[in-house]
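This report introduces a structure to a reader who has not met it before. It takes up surface, core, salt bridges and backbone in turn.

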Amino acid sequence: MAEVARKWALTSWRSRPVAQQPPYRDAAALSAALDTVRSLPPLVSFSEVDRLRKLVAEAAEGRRFILQGGDCAERFVDCNAAAVARRLRLLMQMSLVLAWGSHTRVVRIARMAGQYSKPRSSATEVLPDGRTVPVFRGDNVNSFVDASPAGREPDAGRLVKGYFYSAATLNFARALVAEGFGGVPAVEKWHKRWMTRRARRRGAGAGAGAAEG
């Protein structure tokens, strides 16, 4: 283990075999996009990384429970207030159930704000209409909606777009959490909203039954 640690470096991964990579045809455009992303501020701060490491260490010691949730892959169109709040709310609700049931503090890790790439073992996929097209590799790489060869061509410019969509999602999620989005008052409000909607649905169903009678 110590030997592996001594050989590790920030660029060690570049010497390893890499599979399932998008076949970018324009090497210059890819290099320019990567340079742009490198020049931008980091999406998370050092203090956030250090804090997570401490929380994970406490979980390893049995003092916390880790809950990780999110989508297998995000789309750029999912970067809107309603969608982000909905996913965050679900994660918060799940964590509160776990905390209350286990009497253990929960570390919530959201798998979001950057899941814009999909590893694929095949270079093509078959659409419902029978066409075989280049595989969709995530909005960071190519288009889901435009399944033409041009739309599925890996576009390095999407890497830069992905950075800004990730930043927007993170900033909004941070703001929600800072405002007490996952606190008890917020949960009570969600519960009341759910109960109100449930009562309305029941009322509508009863009204329909009376009309039929």
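## Surface patch

Leu52, Val56 and Ile66 together form a nonpolar patch on the surface, with about 200 Å² of accessible area. A patch of this kind consists of nonpolar side chains (Val, Leu, Ile, Met, Phe, Trp, Tyr) joined within 5 Å, in residues with over 30% relative accessible area and no salt bridge. Accessible areas are calculated by the Shrake-Rupley method with a 1.4 Å probe, and for residues only the protein chains shown count as cover. Of the patch members, Ile66 is found in strand β1 (residues 64–70). Ile66 is partly exposed, with a relative accessible area of 33%. In these terms, buried means under 20% relative accessible area, exposed means over 50%, and partly exposed lies in between (1.4 Å probe, protein chains only). Helices (H or I, at least four residues) and strands (E, at least two) are DSSP runs numbered from the N terminus.

The model is predicted: local features need pLDDT of at least 70, side-chain atom pairs count only at pLDDT 80 or more, and totals for chains, interfaces and linings use all residues. Residues are numbered from 1 along each chain as its sequence is written, and side-chain values use heavy atoms, with hydrogens and water left out.

## Nonpolar core

The largest nonpolar core has eight residues: Val84, Ala85, Leu88, Met92, Met112, Ala173, Leu176 and Phe181. The elements that give two or more residues to this core are α4 (81–102) and α5. Helix α4 gives the most, with four residues. A nonpolar core is a set of buried Ala, Val, Leu, Ile, Met, Phe, Trp, Tyr and Cys residues joined through side-chain atoms within 4.5 Å.

## Salt bridges

A salt bridge is a side-chain nitrogen of Lys or Arg within 4 Å of a carboxyl oxygen of Asp or Glu. By this rule the count comes to ten salt bridges. The table shows some of them.

| Pair | N to O distance |
|---|---|
| Arg25 and Glu153 | 3.2 Å |
| Arg38 and Asp35 | 2.8 Å |
| Arg131 and Asp129 | 2.8 Å |

What does the salt bridge of Arg25 and Glu153 tie together? Arg25 lies in the loop between α1 (2–7) and α2 (27–39), and Glu153 lies in the loop between β4 (132–134) and α5 (157–178), so the pair ties together parts that are 128 residues apart in sequence. Arg25 is exposed, with a relative accessible area of 73%, whereas Glu153 is partly exposed at 26%.

Arg38 and Asp35 both lie in helix α2, three residues apart, about one turn of the helix. Arg38 counts as exposed at 52% relative accessibility, while Asp35 is partly exposed at 44%. In the pair of Arg131 and Asp129, Arg131 is partly exposed at 43% relative accessibility and Asp129 is exposed at 52%. In addition, Asp71, Asp78 and Arg87 are linked in a network of salt bridges.

## Backbone

Most residues other than glycine have a negative phi. Gln20 has a positive phi, near 60°. The place of Gln20 is in the loop between α1 and α2, where Gln20 is partly exposed, with a relative accessible area of 39%. His103 also has a positive phi, near 55°. His103 is found in the loop between α4 and β2 (105–111) and counts as exposed, at 73% relative accessibility.

Methods. Patch = residues over 30% accessible without salt bridge, like charges linked within 9 Å, V, L, I, M, F, W, Y side chains within 5 Å.
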